[in-house]
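Work through the exercises below with the sequence and the coordinates open. Each task is followed by a stepwise solution.

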Amino acid sequence: MSITGRVHSVETCGTVDGPGIRYIVFMQGCLMRCKYCHNRDTWDVDGGNEKTVEDLMSDMLSYRHFIEASGGGITASGGEATLQAEFVTELFKACQAEGIHTCLDTNGFVRHHSEKIEHLLDVSDLVMLDIKQMDDAKHIDLTKVSNRHSKEFALRLQERNQPTWVRYVVVGGYTDDEASAHELAKFLQPMKNIERVELLPYHELGKHKWEAMGEKYELNEVHPPSKETMETIQAIFKSYDLPVIY
């Protein structure tokens with residue numbers, strides 16, 4: 001019997017979740033509770049639709065020409081893809097057998113770094129790691145969970161010399177201060193596996209999902225950061241010789 005996974009949705013021609021044009025699989029379920037989450041409807045681990053690897057491969061390969069011509073591939077996102085590590089591993093194995101580049105998009109909240117996670121990393125050509133905030137108290141305020149597991153996961157990627165892009169969302173009042181940027185840059189500076197640091201300006205595009213679910217969106221008074229703020233944060237990462245873009 002084929003292994004199944006719970007999938008929220010797919011995006012067939014994504015251009016911002018890894019190199020090239022990508023087939024993005026948004027896995028269902030997440031344990032972080034980020035105040036700015038734009039995929040609020042992916043949190044429920046029992047939601048989504050059951051899919052087999054064959055289901056997704058059949059659909060993805062119909063876009064193969066666009067994916068390969070652009071140097072793209074497949075990205076497992078979410079939600080949080082590591083919650084369904086075995087399924088994503090089998091999906092990535094099938095993709096690699098077809099010569100398709102694989103990317104794991106994760107927040108690194110891996111409470112038990114098991115063989116299942118190692119097997120998943122073995123078939124991940126690239127990891128995109130979303131680091132929310134280095135200060136633990138601020139991280140808990142922003143996500144409702146500690147950052148300890150995410151930092152441990154980042155260090156494990158360093159040990160493996162796993163090709164990694166780090167993503168940092170710049171949110172007013174939470175992550176847009178210079179001290180927070182310096183703290184993250186110092187943490188990343190020794191890591192030779194970091195190929196890119198992506199600064200992502202906070203946006204309000206997911207707000208309507210919270211409202212549709214009858215929930216309060218706590219960041220109503222927070223607006224996207226200014227160009228000047230983004231340039232200041234970028235300059236801090238550059239001062240640590242990190243390959244940063246936004």
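**Exercise 1.** Leaving aside neighbours within four places in sequence, which residues is Thr52 in contact with?

Solution. The model is a predicted one.
- Step 1: locate the residue. Thr52 belongs to strand S3, which covers residues 49-52.
- Step 2: apply the contact criterion, heavy atoms within 4.5 Å.
- Step 3: drop the neighbours within four places in sequence; Thr52 is then in contact with Ser2, Ile3, Thr4 and Phe87.

**Exercise 2.** Classify Thr52 and Asn39: is each buried or exposed?

Solution.
- Step 1: take the cut-off. A residue counts as buried under 20% relative accessible area.
- Step 2: Thr52 has a relative accessible area of 17%, so Thr52 is buried.
- Step 3: Asn39 has a relative accessible area of 12%, so Asn39 is buried.
- Step 4: set this against the chain, where 50% of the 246 residues count as buried.

**Exercise 3.** Describe the surroundings of Asn39 in sequence and in space.

Solution.
- Step 1: Asn39 sits in the loop that runs between strand S2 (22-27) and S3.
- Step 2: not counting residues up to four places away in sequence, Asn39 touches Phe26, Gly78 and Lys209.
- Step 3: take the pair Asn39 and Gly79. They are 40 residues apart in sequence, and their C-alpha atoms are 7.1 Å apart.

**Exercise 4.** Does the radius of gyration of the protein chain agree or disagree with the value for a compact globule?

Solution.
- Step 1: for 246 residues, a compact globule would have a radius of gyration near 18 Å.
- Step 2: the protein chain has 18 Å, so the two agree.
- Step 3: for the extents, the C-alpha trace spans about 50 × 45 × 35 Å along its principal axes.
- Step 4: for the contacts, consider those with a separation of 6 or more; 73% of them join residues 24 or more positions apart.

**Exercise 5.** What is the make-up of the chain and of its annotated domain?

Solution.
- Step 1: the protein chain has nine helices and nine strands.
- Step 2: an unreviewed UniProt entry places the feature "domain: Radical SAM core" at residues 16-241.
- Step 3: over residues 16-241 the chain is 38% helix and 18% strand, with the end C-alpha atoms 23 Å apart.

**Exercise 6.** Summarise the surface and the charges of the protein chain.

Solution.
- Step 1: the accessible surface is about 11,200 Å², and 50% of it belongs to carbon and sulfur atoms.
- Step 2: there are 26 positive and 39 negative side chains.
- Step 3: the centres of these two sets lie 2 Å apart.

Conventions
Residues are numbered from 1 along each chain as its sequence is written. This is a predicted model: local features need pLDDT of at least 70, side-chain atom pairs count only at pLDDT 80 or more; totals for chains, interfaces and linings use all residues. Side-chain values use heavy atoms; hydrogens and water are left out. Helices (H or I, at least four residues) and strands (E, at least two) are DSSP runs, numbered from the N terminus. The radius of gyration is taken over C-alpha atoms; the globule rule is 2.2 Å times the number of residues to the power 0.38. Buried means under 20% relative accessible area, exposed over 50%, partly exposed in between (1.4 Å probe, protein chains only). Accessible areas come from the Shrake-Rupley method with a 1.4 Å probe; for residues, only the protein chains shown count as cover. Lys and Arg count as positive and Asp and Glu as negative; His and the chain ends are not counted. The place of a charge is taken as NZ of Lys, CZ of Arg, CG of Asp or CD of Glu. UniProt positions are given in the numbering used here, feature names are shortened, and annotations may be inferred rather than shown by experiment.
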